[in-house]
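Me: I would like to go through this structure step by step. Please keep the answers short and show the reasoning.

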Amino acid sequence: MRVTINGEATQVDAETVAALVTQRTGRALSPDGTPADGGRLGLAVAVNDEVVPRRNWQATALTEGATIEIVTATQGG
């Protein structure tokens, strides 16, 4: 399906936010949205201007034409 991720139109085959995050990061996720490897992910996701809580990533379906923002936490000053 065609979606827009961080302002860029792209084709994805992910059906949920969790599947999209897994595809983009290469890391498997637990059902609660945390990395299965026990590490930190440092991401926030919004779909159509609504922040999706990590615990809802598995249940949040993506739809054709959705606008998705994936924000990565960084440190620095």
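Me: Which residues touch the most other members of the largest nonpolar core?
Reply: This is a predicted model. Its largest nonpolar core has 19 residues. In soluble globular proteins, nonpolar side chains tend to be buried together. The residues that touch the most other members are Leu-20, Val-21, Val-45, Val-47, Trp-57 and Ile-68.

Me: Which element supplies the largest share of this core?
Reply: Strand E1 (2–5), helix H1 (17–25), strand E3 (43–47) and strand E5 (67–72) each supply at least two residues. The largest share is four residues, and the element that gives it is H1.

Me: Which residues is Val-21 in contact with, leaving aside its neighbours within four places in sequence?
Reply: Val-21 is among the core residues that touch the most other members. So are Val-45 and Trp-57, and both turn up again among the contacts of Val-21. The full set is Gly-26, Leu-29, Leu-41, Leu-43, Val-45 and Trp-57.

Me: In what order do the elements run from the N terminus on?
Reply: The chain has one helix and five strands. Write α for the helix and β for a strand. From the N terminus on, the order is β-β-α-β-β-β.

Me: Which strands are at the edges of the sheet?
Reply: Five strands form an open sheet with mixed pairing. Their order in the sheet is E2-E1-E5-E3-E4. An edge strand pairs on one side only. That description fits E2 (8–11) and E4.

Me: What is the bridge partner of Ile-5 in E5?
Reply: E1 and E5 pair in the parallel sense, over two bridges. Ile-5 has its bridge partner in E5. That partner is Ile-68.

Me: At what angle does H1 run to E3?
Reply: H1 lies across E1, E3 and E5. Within the sheet, neighbouring strands are turned by 35° against each other on average, direction ignored. For the helix and E3, the angle is about 130°.

Me: How many residues apart in sequence are the parts that the salt bridge ties together?
Reply: Side chains of opposite charge can pair when their charged atoms come close. A search of the whole structure finds one salt bridge. Asp-37 and Arg-27 form it, at 2.8 Å from N to O. Both lie in the loop between H1 and E3, so the pair ties together parts whose separation in sequence is 10 residues.

Me: Is Asp-37 buried or exposed?
Reply: Its salt-bridge partner is Arg-27. Arg-27 has 22% relative accessibility, so it counts as partly exposed. The cut-off for exposed is over 50%. Asp-37 has 55%, so it counts as exposed.

Me: What is the phi of Asp-49?
Reply: Most residues other than glycine have a negative phi. Asn-48 has a positive phi of about 50° although it is not a glycine. Asp-49 is in the loop between E3 and E4, and Asn-48 is found there too. The phi of Asp-49 is also positive, at about 70°.

Me: What relative accessibility does Asp-49 have?
Reply: Asn-48 is partly exposed, with a relative accessible area of 41%. Asp-49 counts as exposed. Its value is 76%.

Me: What is the radius of gyration of the chain?
Reply: The C-alpha trace spans about 35 × 30 × 20 Å along its principal axes. With 77 residues, a compact globule would have a radius of gyration near 11 Å. The chain agrees with this, at 12 Å.

Methods: Residues numbered from 1 in each chain as written. Predicted model: local features only at pLDDT ≥ 70, side-chain atom pairs only at ≥ 80, totals over all residues. Heavy atoms only, no water. Buried < 20%, exposed > 50% of the residue type's maximum accessible area, 1.4 Å probe, protein only. Salt bridge = Lys/Arg side-chain N within 4 Å of Asp/Glu carboxyl O. Core = buried A, V, L, I, M, F, W, Y, C linked by side-chain atoms within 4.5 Å. Contact = heavy atoms within 4.5 Å. Pairing = 2+ DSSP bridges. Axes fitted to C-alpha atoms, helices over the stretch in contact; angles between N-to-C directions. Rg over C-alpha atoms; globule rule 2.2 N^0.38 Å.
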